[in-house]
Each structure stands twice: as C-alpha cells, then as structure tokens.
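Open your viewer and keep the selection panel within reach. We will go from one selection to the next, with a short note on what is there at each stop.

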Amino acid sequence: MNGFMTPQAIHIAEIYDDGEASRHFTFEPADGVKHSAKPGQFFTLALPGYGEAAFTYLSLPDAEGRFKALIRQAGSLTSALFKCDVGDLVGFRGPFGNSWPINQLLGKRVLIIAGGIGLPPLATIADQLAADKSTPIALIYGSRSPADQVLKYERSAWHMYMPILETFDYPSNQEQLSGTPLDHVAEVEAKLGGKPEVILTCGPEVMMNAVAHHFVENGLSPESIWLALERRMHCGIGECGHCYLGSSYVCTDGPVYNWQQLTQLHAQTTT
Amino acid sequence: MKAFILEDIEHLRDHLASQRQVFTPQYAEDSTELDWLPLTDKTASVTAERPVLPTYPAKQFFFPDREILFQFDGSAFKETLPEVEPQVLFGVRSCDLCAIAYQDQFFEQDPYYQARRKATLLVGIDCNQPCEGGFCPSVNAGPFIRDGLADLACHQREDKSWLILAHTSEGEALIERLNLQAADPNLIAQRNEQETQVAAEFPSAEHIETGIQRINQAQVPAETWQNMGLQCLACSGCTNLCPTCSCFTSYDRPVAEGIERERCWDSCLYDAFQREASSHNPSADAGQRVERFWFHKFSDEYVKSFGRYGCTGCGRCEKTCPGVIGVHSVMKRISAAL
C-alpha cells in the first residue's frame with residue numbers, strides 16, 4: 001500500500017452488466033503490488049474527482065492480485081465508475097474490517113439468507129463453504145423482482161453445491177416464489193436436511209433484523225446468527241466516525257457481527 | 001519527574017521562543033476572542049488566576065480543520081505528509097491537555113496527526129481558579145495538570161513564584177540551560193493540597209454526575225432526546241470547539257494537474273453524516289444524533305478504550321451553542337427527565 005489514507009493505483013481489467021443498474025468489475029494492481037483478504041472484508045475505491053467509497057469483495061485476490069466486485073450504480077462515485085472503461089486507472093485501499101467466522105461454520109448446517117444487493121458480501125464465504133464437503137449449506141435469495149437479481153453466473157455455479165431458493169416481492173410468473181425469504185424457511189430447511197445451526201445474512205437492515213428475530217424465536221442462539229452490516233464506511237480505519245453503531249465502528253469492528261453483539265450495541269443508543 | 005522553582009514565567013516563555021516557535025493564547029488586535037497565536041513582543045503576561053480558555057482548543061495544531069492527504073497527477077497517488085517546524089504550545093490548560101492525550105490515542109496510527117504532534121512540545125499552566133462554565137474536576141480533567149500530559153507543567157504559588165514540573169525528558173531538555181533551582185519536594189505536596197481547594201471552588205456539578213449515570217444506564221427518555229434534537233440547529237459549533245471531537249470527511253479538489261484529496265472536520269450532528277448512497281440513513285432523526293453525540297462524550301464504553309470520558313469539562317459547547325443544548329443545559333435536562 002502507498003500509505004495510510006493514500007490509495008494504490010489499480011486498473012479495471014473486466015466489466016460486464018449483471019442485474020439492474022449493476023455491473024461486475026474485475027480489478028488488477030497497476031503496480032504489481034498484491035494483497036490478500038478474507039471473506040467478508042471490504043475495500044475502498046477512489047475515483048479521482050469523485051472521492052472514495054467502500055465495496056465488498058466478490059472474489060478475493062488471486063495469484064495475480066486480481067479481484068472482483070459487484071457494484072450497483074447509486075451515487076455520484078458509482079455513476080463515474082460506470083463511465084469507466086477497461087484499462088482505466090482508479091484508486092484502491094484495503095482490505096478493511098473483520099470477516100465471516102469460517103472456523104465456527106465448518107461442519108454445521110449453514111443457511112445463507114441474502115436480500116437484493118446483499119448477496120455479493122456473502123459470495124466469498126459461499127464459495128469457501130461450497131468447497132467444504134462436510135458443511136451442508138443452503139441459500140435463500142430474496143429480490144424485489146427477477147430484473148433486480150445479481151450474480152447470475154455465480155448462482156448458476158453454486159447450484160451444483162447447494163440448494164438455492166429465489167424469492168420475489170414481485171414475481172413475474174406463477175412459478176416463481178412470492179414473498180420474502182422468511183416466508184420460505186420451511187422449504188429450505190427440508191432441502192438443508194434439518195434446521196440451520198448457523199445463519200449468515202446480508203441485505204436491507206430491516207430484513208436482517210427480521211431474520212435474526214425469527215431464528216432466535218425458533219431457538220437458535222444469538223451467537224449463531226451472523227449479519228454483515230452496511231454503513232457509510234468512509235475511511236476504513238475507524239477514524240472518520242461515519243460508520244458508528246453505538247460504541248462500535250463498523251469499518252473496523254464489523255462489518256460482520258453476531259446478533260448477540262448487535263443486541264448489546266442496540267441497547268447502548270438508538271443508532 | 002523533576003521540579004524547579006522559577007520567579008519569572010515570562011523568562012521561561014522567552015527562553016522557549018529562542019529554541020522553537022511558541023504559540024500561546026492571546027487576543028488579536030480588535031478581537032474579543034482569545035486565540036492561539038505566535039508569541040510576539042506585544043503578548044500579554046501570564047497568569048494562573050481567573051483562567052480564560054482560548055475559544056478553540058489546541059486540537060487544530062494536530063488535527064487541522066482542513067489538510068491535504070494526497071495528490072493524484074493522473075497516473076499515481078502521492079501521500080502528502082505535513083512538514084512542521086518544532087513548536088511549543090505555551091499555556092495549555094489541564095482540560096485541553098487531557099483532550100490532547102485522548103486524541104493522541106485516537107490518532108495513534110494517523111501519520112498526519114503524528115507528524116504535527118511529534119514536532120510539538122506542550123507547556124501547561126495549572127488553573128488556580130475555576131473558569132466560567134468549566135467543570136473539569138467532575139470528569140477528572142483538572143484543574144491541575146495530570147502527570148505526564150504536558151512536557152512542562154507550570155504552577156503559580158501563592159507567593160507568585162512558579163513551580164515547574166518537567167514530566168518528560170523533552171521538557172527537561174527545554175529548560176536545561178536556564179539552570180533553575182531545584183524545588184523542595186514539599187512544594188509538590190502543597191500543590192496537591194491546593195488542587196483539592198481549587199476543585200472545591202467549582203460550582204455544583206451534580207447535574208453532570210447524574211447525567212453521566214443516566215446516559216450509562218440508558219435511562220434517558222427518547223422524548224428528551226427528541227426535544228433536544230428539535231433544538232439542534234446542526235451548526236457544528238459544539239463539534240468544532242470540542243477538544244476531543246475527531247469526525248472528518250474528505251473530498252477531492254481539482255488542481256492544475258489532477259486532484260488533491262482534502263480532509264476537513266465533519267459533524268455527527270449533520271443530518272447526512274451517516275446517509276449512504278442508497279439513501280439509507282441509520283441516524284436520520286436529529287434526536288438520535290444528539291443522543292449519539294452525548295453518548296460519545298459520557299459513555300463508560302469509551303473509558304474502556306481511552307481511560308477517560310470523551311468530555312474534559314471545558315464547557316465550550318455551552319458557550320457556543322446558539323440553541324440550548326450545550327453540556328450544562330443537556331445534563332440538567334437529562335437529570336430532571338425522570
């Protein structure tokens with residue numbers, strides 16, 4: 001890394017559209033400097049003139065230092081990024097944050113619940129768990145509509161390793177599952193071979209909180225329910241303050257918390 | 001720690017100025033604001049009585065309101081660390097020294113902060129009387145300087161002579177050539193006794209103590225935060241003047257070739273402080289933001305990390321708030337809310 005708050009130059013190596021207003025980007029180091037990262041961590045992209053924003057790894061850096069992200073166009077920085085071409089130079093800092101607790105997942109029945117653009121932060125851990133034959137795993141992926149779904153190619157690859165249920169607020173035909181992921185827990189539990197022992201979830205905070213409440217009410221320990229939070233992670237190093245959650249900084253203490261930790265943080269303040 | 005006796009504190013100040021640039025609180029011409037300015041021939045003499053705090057704390061010397069982080073020339077990002085000439089801050093009060101110690105921990109890994117901080121020596125002055133609105137004794141931040149928080153701590157005795165405590169080797173080196181007379185160890189004990197007397201002169205801070213308890217026991221009714229949120233103009237006066245506030249944002253500024261990334265002070269009381277690109281805002285409500293601000297100043301959670309509260313009792317927020325939600329007003333309302 002160049003420095004503390006100073007990005008490293010990286011190139012855009014590949015771009016393709018993947019879902020509503022979303023694109024799949026591959027990045028590679030411009031200076032040959034490689035880094036490693038863990039599932040659940042994030043990085044920042046700097047677009048000169050537009051500032052910097054945090055994104056999750058869709059794939060961890062490979063032997064050449066190449067890594068991927070699924071990015072939805074939402075603000076001015078992502079709008080500028082969507083005007084970039086292959087070969088363009090942007091800034092990178094990272095990796096930041098903690099990671100999914102892989103050692104606490106192996107050998108357990110793991111249910112992954114993703115909502116909308118919350119699927120990409122779960123992709124790297126889904127890849128790692130899929131590679132471990134001792135870990136039964138299933139995925140429920142909820143979206144507003146079929147057009148909003150992302151990670152088409154990744155999902156088709158995961159189909160070989162795990163049952164996947166896809167739900168829609170607005171299905172486009174009667175064969176598609178209607179409702180939220182929680183409306184279809186019984187079906188996925190049947191495919192998983194029993195009630196889940198661990199939940200991994202990422203999506204709108206309202207959805208994640210509902211997921212946590214549902215499984216706690218059904219007897220799962222709060223320490224076994226893991227959520228990846230989104231906050232405005234501006235600096236990534238626990239300084240700028242924008243990502244606070246009670247006394248915790250999501251960019252360094254998170255973004256992955258279990259429900260026990262979050263319950264304690266929610267008791268401190270209302271934000 | 002070595003202790004010395006000095007008759008004329010200006011002699012020390014001038015001696016420091018012969019080695020480093022000295023900044024000290026003083027009134028600029030035609031100004032009623034006490035500000036941190038370079039020492040000149042016209043700078044007033046030093047007193048420990050009727051202390052007045054500078055409008056701004058010393059944090060701007062280490063964490064300036066604006067600074068360049070890096071430059072981008074179209075092909076590479078180049079870090080721009082500050083280059084700071086050796087300097088002395090002369091006359092820092094105990095509350096502000098506690099705040100510097102707090103920020104030293106908070107910005108421990110920050111090379112911009114550390115470059116400025118390492119170029120700076122701190123000379124503190126014990127406050128022999130309470131200042132208006134200050135409550136440092138209630139948050140263990142004064143009125144006398146805590147061991148190790150200044151390179152030199154200056155204490156004016158009743159006979160107007162000064163007891164100089166060198167807390168660091170850099171502090172000792174600063175005064176080495178003055179050949180000061182070593183102080184009788186009894187004077188240190190006398191200073192400790194005097195601190196108890198000065199602390200007792202402060203007005204009652206029962207509302208502060210009760211408020212701290214209520215915040216830590218999550219006993220403040222949501223309605224109280226809501227009402228205070230309505231009275232917050234989100235002007236950032238309190239966060240700018242607070243000696244421990246550290247939130248910042250950054251933005252890119254176009255320059256002749258490429259851009260500069262600048263960081264500047266931000267405020268957790270602004271409505272968009274936590275707003276994400278998706279419009280999701282975890283603290284969209286002003287009452288929540290006011291709650292979070294005071295939690296950050298008085299929660300025991302931060303004592304675990306920093307060894308003290310985020311408030312050092314300087315009272316600047318009360319003076320600057322154009323509404324009625326400075327520290328005394330807030331803590332009185334929290335105390336009365338049950």
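Start with the meeting of two domains in chain A: 19 residues of domain 1 are in contact with 20 residues of domain 2. Here two residues are in contact if their C-beta atoms, placed from the backbone, lie within 7 Å. To find the two parts, select 8–96 of chain A for domain 1 and 102–268 for domain 2; such bounds come from an automatic or database domain assignment. Their centres, taken over C-alpha atoms, are 22 Å apart.

Before the next click, please note that this is a predicted model, in which local features need pLDDT of at least 70 and side-chain atom pairs count only at pLDDT 80 or more, while totals for chains, interfaces and linings use all residues. Residues are numbered from 1 along each chain as its sequence is written, and chains are lettered from A and ligands numbered from 1 in the order in which they are written.

**Stop 1: the domain contact in chain A**

Which strands of domain 1 of chain A each supply at least two residues of the side that touches domain 2 of chain A? Select E3 (42–47), E4 (51–56), E5 (67–72) and E6 (89–96) of chain A to see them. Helices (H or I, at least four residues) and strands (E, at least two) are DSSP runs, numbered from the N terminus. The largest share of this side of domain 1, 3 residues, belongs to E6(A). Colour the side of domain 1 that touches domain 2 by class and you will find 8 nonpolar, 7 polar and 4 charged residues. Ala, Val, Leu, Ile, Met, Phe, Trp, Tyr, Cys and Pro count as nonpolar, Asp, Glu, Lys and Arg as charged, and the others, Gly among them, as polar.

**Stop 2: chain A as a whole**

Now show all of chain A, with its 6 helices and 15 strands. Along the principal axes, its C-alpha atoms fill a box of roughly 50 × 45 × 35 Å. Of the 271 residues in chain A, 48% are buried; a residue is buried if 20 or more other C-beta atoms lie within 10 Å of its own, exposed if 12 or fewer, and partly exposed in between, with C-beta atoms placed from the backbone.

**Stop 3: the last helix of chain A**

Select H6(A) and show the side chains of Trp259(A), Leu262(A) and Leu265(A), the buried residues of this helix. Seen down the axis of H6(A), these buried residues fall within an arc of 120°, so they line one face of the helix; the arc is that of the directions from the helix axis to the C-beta atoms. What do the buried residues of H6(A) pack against? Add helix H5 (205–217) and strands E12 (225–228), E13 (244–245), E14 (248–249) and E15 (256–258) of chain A to see their partners.

**Stop 4: where the chains meet**

Bring in chain B: the contact takes 32 residues from chain A and 36 from chain B. On the chain A side, E4, E6 and helix H6 (259–268) give two or more residues each. That side divides into 12 nonpolar, 16 polar and 4 charged residues.

**Stop 5: chain B and its domains**

Chain B has 12 helices and 12 strands, and 44% of its 338 residues count as buried. Colour domain 1 (2–200) and domain 2 (206–336) of chain B separately; their C-alpha centres lie 26 Å apart. Their contact takes 32 residues from domain 1 and 29 from domain 2. Helix H2 (94–106) and strand E4 (66–72) of chain B give two or more residues to the domain 1 side, and H2(B) has the largest share, 8 residues.

**Stop 6: the core of chain B**

Stay here and select Leu89(B), Leu97(B), Val123(B), Ala150(B), Leu152(B), Ile164(B) and Val290(B), the residues with the most contacts inside the largest nonpolar core, which has 92 residues. A nonpolar core is a set of buried Ala, Val, Leu, Ile, Met, Phe, Trp, Tyr and Cys residues joined through C-beta atoms within 7 Å. H2(B) gives the largest share of this core, 7 residues. Both domains of chain B give residues to this core, so it lies between them.

**Last stop: a helix residue in chain B**

Finally, select Asn192(B), in helix H5 (residues 185–200) of chain B. Is Asn192(B) buried or exposed? With 10 C-beta neighbours inside 10 Å, Asn192(B) counts as exposed.
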